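Student: I have a structure open and want to learn to read it. Can we go through it in questions and answers?

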Amino acid sequence: MDSFFALLLNGLNSSALILVAALGMVVICGLMNVINLAHGELIMIGAYTAFCVTQKAGLSFALALPAAFAAAAAAGAVLEILVIRRLTGKPAETMLATFGISVVLQQTVNLIFGAQSQYVAIPLEGNFSLGHVVVPFYNIFTILFVAAVLAGTVVFLKKTRFGRRVRAVTQNRSMAECLGVNSARVDTLTFAFGSGLAGLAGALAAPVKSVSPFMGGPYLVYSFLTSVVGGVASFFGTTVGSLLVGESSALLGGLSNDVIANILVFLIIIAIIRFKPEGLFAKERR
Amino acid sequence: MKKFWCSLLACSIALSCALFGCGTEQKGSGEKPIKVGLLYSLSGVTSVSEKQLYNGTKLAIDEINQNGGINGRKIETVFADYASDPARAADKARKLILDDKVVAIVGTCSSSARKAVKPVVESNHSLLVYPQSYEGQEQSKNIVYVGCIPNQQAEVFVDWLVKNVGKKFFLIGCDFVYPRVENKLAQTYLAKNGGSVVGEEYVPYGSTDFSSVLNKIKTSNPDVIYTSLTGDSNVAFYKQYSAYGLKATVASLTTNETVLKAIGPAAAKESFICVDYFKNIKNTINEKFVKKYAETIKDGTEPSYAVMGGYNGGLFLGEALKKAKNPDQTQDVIDAFGGLTIDSPSGKISIDASNHHASLYCRIGKVDDKGEINVIYQSDQTIAPKP
Amino acid sequence: MKRLKLPMTRKLDLALFLVLGLFPLSGLLFYTQLIEKYMVFLIFAWSLDILWGYAGLMDLGHAVLFGMGGYVMALSLSAQNGVPEFMERCGITQMPLWLQAITSPWAAVLVGILLPALLAWLLGRFLFTSQVGGVFFSVITLSLAQVFTLFLNSRQDYTGGFNGIGDLPGLALFGEPLTLTQSYYFVFAAVLLVYLFCRALMNSRFGLILRGIRENETRIEFLGCDRSAFKTAVFAVSGALAGLAGVLYAPVNGMIAPNDVGVEFSTAAVVWLAIGGRGSLTGAALGAMLINVLGNMLSEQFGAFWQLLLGFVIVLVVFFAPEGIVGKLAKAVKERG
Amino acid sequence: MANPYILWTESLSVSFSGFLALDRVDFSVRRGELRVVIGPNGAGKTTLMELITGRVKPTAGKIYFDGDNITGKSPHVIASKYRVGRKFQGPNLFENMTVSDNLLLAAPNLNTVRATFFRSTPSEAMERADDVLSRIGLWEKRGRLACELSHGERQWLEIGMLIMQDPKLLILDEPTTGMTEEETYRTGRMIQELQDGRTVIVVEHDMNFVRQVAKTVTVFHMGHILAEGPLSEIENNPEVVRVYLKSERKGEKSRA
């Protein structure tokens, strides 16, 4: 029972990282209907920002988080203005172009920093035990922080003036424009916000995962699958989706091994997409 | 418009001619240089290790050239990048042999790439100097292996760990041939020494999530976590291991000075590493080498067993070229390798004539809280390879 | 209707086949061997083109089908002299029954083509009967490629794991190993046949309806066309062709490993088509040839810069030649008169 | 063929996340009839068409066509086996294909994998396409891409595709949206020409157009059939006037 509890907690930790990576994807994909294959590289930018802030500049990790958000958001804004905006309504072209961008970003970072992993110190040392279960403090921090980010995002989009504009633009672009909303600016800011969330994911992962130019790939696949499973337009769905992906990897990994766990999770997700292509929690639409 | 496309076509033809041509271009002045191929990946999953191997080999060959070359002739290197793709490694090896007409190739890193190149060098009667440590169980008259193999590394390491750390081992590795063979051998060594295996886990290649593995380790309560993880997985494992605060000691066959920088001292301290070379070996040749490496190489890598593998490969090849009757004849070079001895930063080492593997020292290092590896054990003499 | 046929693409095809047909005469041994391999990639590129270029189904895991053919052939070739070495190492001493069944190379060819076709057909039946389309198809195939690579890596006893299956003999006919030139022309003939096959199929009404599906799925359904049946059919045909490419790849390349059949190779093929021009066999072929040859030549000189350049080219193509280089050329020629 | 009705529904209902879009509707159309369906936005007109053509599945009730129960059948079966043709609001073409390819795609009974695999379009179909091309006046532009045509030409092309398809029942969803008065009139003529013994259902807003083509009119309101009968009767039905025509007239005035 203890080990089951441990697995659940581990799953929660993996879920938290997947969730914050997928949140950015949900904002971008769900609100703007853009498939961004450079999402993993935005995460990578966040991780490298954390590396530069903590190691190169020697500042605290608490500063690294907002810095990562800002750096990735800036990159996202540039990406939106230069590329995404010009490809509205062309999903295949958007996928191709963002794939090209992802290659460019990987190689640029590779040329600057080299291919080797970079070091980011764990900001919170230590752990505590619950019976047989060890829980690192950093995992608890991650879970709490991600919960706060999730709550913040929801409040931001539901309650603030900007959030209302975002929703107005996504629901009825021309009407919103008639009412004086600068929809182009809203698009850029939305994309930047989603990218910033991806950057946060990168910074959070940096101390416990590896930081390298090609780290983005797996995150892309996971956030993709998570947001699709949850329903791209639903934050609740994404939360449940990431819990599903994180917990089932952890539980299946605990019961068998990581390879089989990965295969099973993928197959489950394929089945979900097949039978509920709109996601588990998307509202039925006409 | 048509003119435009025509000229574009002409340009591209000219460009490709120039590119095809530049490989075979001759640099006159003095005697014809001896051509050696370097086959490494500077991109792709194994590029971090291969960058170090490459640095080592390049450094060795530059040194040979500065010291007068091969009986007055320079060594000219032809570099080929196979982007961590074994199939491409075979292609590039073929190119180096057939197109550039190199006398020997130094290179490849993973066993899969070496295995892909093996039939190429065999069927073309060429020579591959393989610089990386690997799982053994292979011999070829066209390959010289200068990295360490299990009987020079794992066997000693397991023995030492059982005596000095503990008997209960947890084996972990990425899911491919090298870790599986290493772990299987570890089991047989443990059976001999009275140790035991309390768990064995494999993660997908490149996986960076170890939470379920770490909890399995916690439950099985081993004394030693015996790892042959590579690349990003290795880095992520150390970091998460330290966050979980497990008591077991990490003992690695693959960690080196460059990777250690990414792991950080906090996560790696008190862990053990067993390879044939460490940066902190105390001898004059090594001290000179470390200084030179710091001066010439500025890409963030550190002198490590990977660098040393590449370096030794280059030195051995240089010696063999010097000793060979005709350094342009691959067969003569291969014949010259048997019993060859060099003074390297890792000690006086030699090539075993019977199996074309290197006799090497085995060393065990312990990571201190500044992230430096201190050598705490060294075999009395070189250990003969038993592939 | 005649006026519209773009003779330019035909000319390009002809030129390509001429160059490929005459290349061995150059005597460049190494490049002949390389081009032989790239010709196998042409078959693979076409198999993706009829799926993505014509029917609009962007398969991001197409190399899975290629890999199935390749692994079937590689297993068969490595089992010619009893239990393969990599199996023995994992403690398998008896030849498994399924391996005995494909020991004959012709059986392996057949299985290597039919197995991926069957998988594609089943997957098509599974996916296309629901409303899964567009992006979801890409996501699912992408994850499938991930699963396939994981599977290959973990079943070392049957697949050789991460290292794959190597040391394979080259092409042979009736027990006689072929020389390089013979094997080159054997592959050339296969490529030519596949080209004619694809061309005939895409010029038939089947191809017309596929393009209709790509252009407007809803409309074609209300014209009484069962789009899921068409998609499934083209996916199966595409699977068979990809399998054939794999079957040829194993002996031509001499080895096969998970690296050759994963996400990376799948996206590489997508890039060939995007740059060359999808929806035209010429575009797919030129894209595949151009990028492979250039990549092979430029990666040493420029290393990471070549990758960087390729990334930029992809973005530029999307903006300035969304129909690919060949599509752009065809348009320019058409506009001139 | 004793049954005078080609299409009828039995207490057809459908709801979207709790919203009842159609509520126990019994709707029927005679063979060879031209029926106009009107009603305010959200009354359920388009939903009914979606149900008939199979794109939406009903929550309850049945649909019969030509004596067969077609409830729950796929759109392509309804289109190919039962020959129900449909024109969407606004032109809906294969934009990046040529005009003649657009017509060829509409050729009936040639849309199974078996009939098309490695086969070209039969010559009769080709000839019919040529014939239709000249009838809709696009012979000269047969090699152009559909996206290069003008708005009117695109409408005609789509009507040409319907002629090509040769349906038994033709459903036209607001065929005059975005048209000038003159174009609307011409489209009306074209539809009457197209009818030619076929059964046609037109969903429409524009009352002038309705007056031009309609004999029998069905009025929908909030998922129910409010009234059905000859146009003159409907126009004087006080309830219809109250819920629908009044606002429509107001709209016309303000537009004028």
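Student: In what order do the elements of chain A run from the N terminus on?

Tutor: Keep in mind that this is a predicted model. Chain A has 11 helices and 2 strands. Read from the N terminus on, its elements run α-α-α-α-β-β-α-α-α-α-α-α-α.

Student: What radius of gyration does chain A have, set against a compact globule?

Tutor: Along its principal axes the C-alpha trace spans about 60 × 45 × 35 Å. A compact globule with 286 residues would have a radius of gyration near 19 Å. Chain A agrees with that, at 19 Å.

Student: What percentage of the contacts in chain A with a separation of 6 or more join residues 24 or more positions apart?

Tutor: Start with burial: 59% of the 286 residues of chain A count as buried. Now take the contacts with a separation of 6 or more. Residues 24 or more positions apart account for 77%.

Student: How many helices and strands does chain C have?

Tutor: Count each kind of element along chain C. The total comes to 16 helices and 2 strands.

Student: Why is chain C called as compact as a globular protein of its length?

Tutor: Its C-alpha atoms fill a box of roughly 65 × 50 × 40 Å along the principal axes. For 337 residues the globule rule gives 20 Å. Chain C is as compact as a globular protein of that length because its radius of gyration is close to that, at 20 Å.

Student: What percentage of the residues of chain C count as buried?

Tutor: In chain C, residues 24 or more positions apart account for 80% of the contacts with a separation of 6 or more. Burial is counted over the 337 residues of the chain. The buried share is 58%.

Student: Which chains share the most contacts?

Tutor: There are 5 pairs of chains in contact. Chains B and D do not touch, and their nearest C-alpha atoms are 23 Å apart. The pair that shares the most contacts is chains A and B.

Student: Which element gives the most to the side of chain A that touches chain B?

Tutor: In this contact, 33 residues of chain A meet 35 residues of chain B. Among the elements of chain A that give two or more residues are strand S2 (133–136), helix H10 (235–255) and helix H11 (258–275). By class, the chain A side has 14 nonpolar, 17 polar and 2 charged residues. The most, 6 residues, comes from H1(A).

Student: Is strand S1 of chain B enclosed or open?

Tutor: Strand S1 covers residues 34–40 of chain B. Of its 7 residues, 6 are buried. Therefore strand S1 of chain B is largely enclosed by the rest of the structure.

Student: What is the bridge partner of B:Leu38 in S2(B)?

Tutor: S1(B) pairs with strand S2 (residues 75–81) of chain B. The pairing is parallel, over 7 bridges. Opposite B:Leu38, the partner in S2(B) is B:Phe79.

Student: Which are the edge strands of the sheet S11-S12-S13 in chain B?

Tutor: This open sheet has 3 strands, with antiparallel pairing. An edge strand pairs on one side only. The edge strands are S11 (341–344) and S13 (358–359) of chain B.

Student: Which residue in S13(B) stands opposite B:Ile351?

Tutor: Strand S12 (residues 347–351) of chain B runs antiparallel to S13(B), and 2 bridges join them. Helix H12 (residues 305–323) of chain B lies across S11 and S12, at about 140 degrees to S11(B). Opposite B:Ile351 stands B:Ala358.

Student: Which helix gives the largest share of the side of domain 1 of chain D that touches domain 2?

Tutor: Chain D is divided into domain 1 (1–83 + 169–233) and domain 2 (91–166). Their centres are 25 Å apart. The contact takes 7 residues from domain 1 and 7 residues from domain 2. On the domain 1 side, 4 residues come from helix H7 (residues 181–195) of chain D.

Student: In the 6-stranded sheet of chain D, what is the order of the strands?

Tutor: This sheet is open and its pairing is mixed. Its edge strands are S7 (84–87) and S11 (224–230) of chain D. The twist averages 15 degrees from one strand to the next. The order is S7-S8-S9-S4-S10-S11.

Student: Which residue in S9(D) stands opposite D:Leu172?

Tutor: Strands S8 (residues 169–173) and S9 (residues 199–203) of chain D pair in the parallel sense, over 5 bridges. Opposite D:Leu172 in S9(D) stands D:Val202.

Technical notes: Residues are numbered from 1 along each chain as its sequence is written. Chains are lettered from A and ligands numbered from 1 in the order in which they are written. This is a predicted model: local features need pLDDT of at least 70, side-chain atom pairs count only at pLDDT 80 or more; totals for chains, interfaces and linings use all residues. Two strands pair if DSSP finds at least two bridges between them. Two residues are in contact if their C-beta atoms, placed from the backbone, lie within 7 Å. Axes are lines fitted to C-alpha atoms, for helices over the stretch in contact, and angles run from 0 to 180 degrees between N-to-C directions. Domain bounds come from an automatic or database domain assignment. The radius of gyration is taken over C-alpha atoms; the globule rule is 2.2 Å times the number of residues to the power 0.38. A residue is buried if 20 or more other C-beta atoms lie within 10 Å of its own, exposed if 12 or fewer, and partly exposed in between; C-beta atoms are placed from the backbone. Ala, Val, Leu, Ile, Met, Phe, Trp, Tyr, Cys and Pro count as nonpolar, Asp, Glu, Lys and Arg as charged, and the others, Gly among them, as polar.
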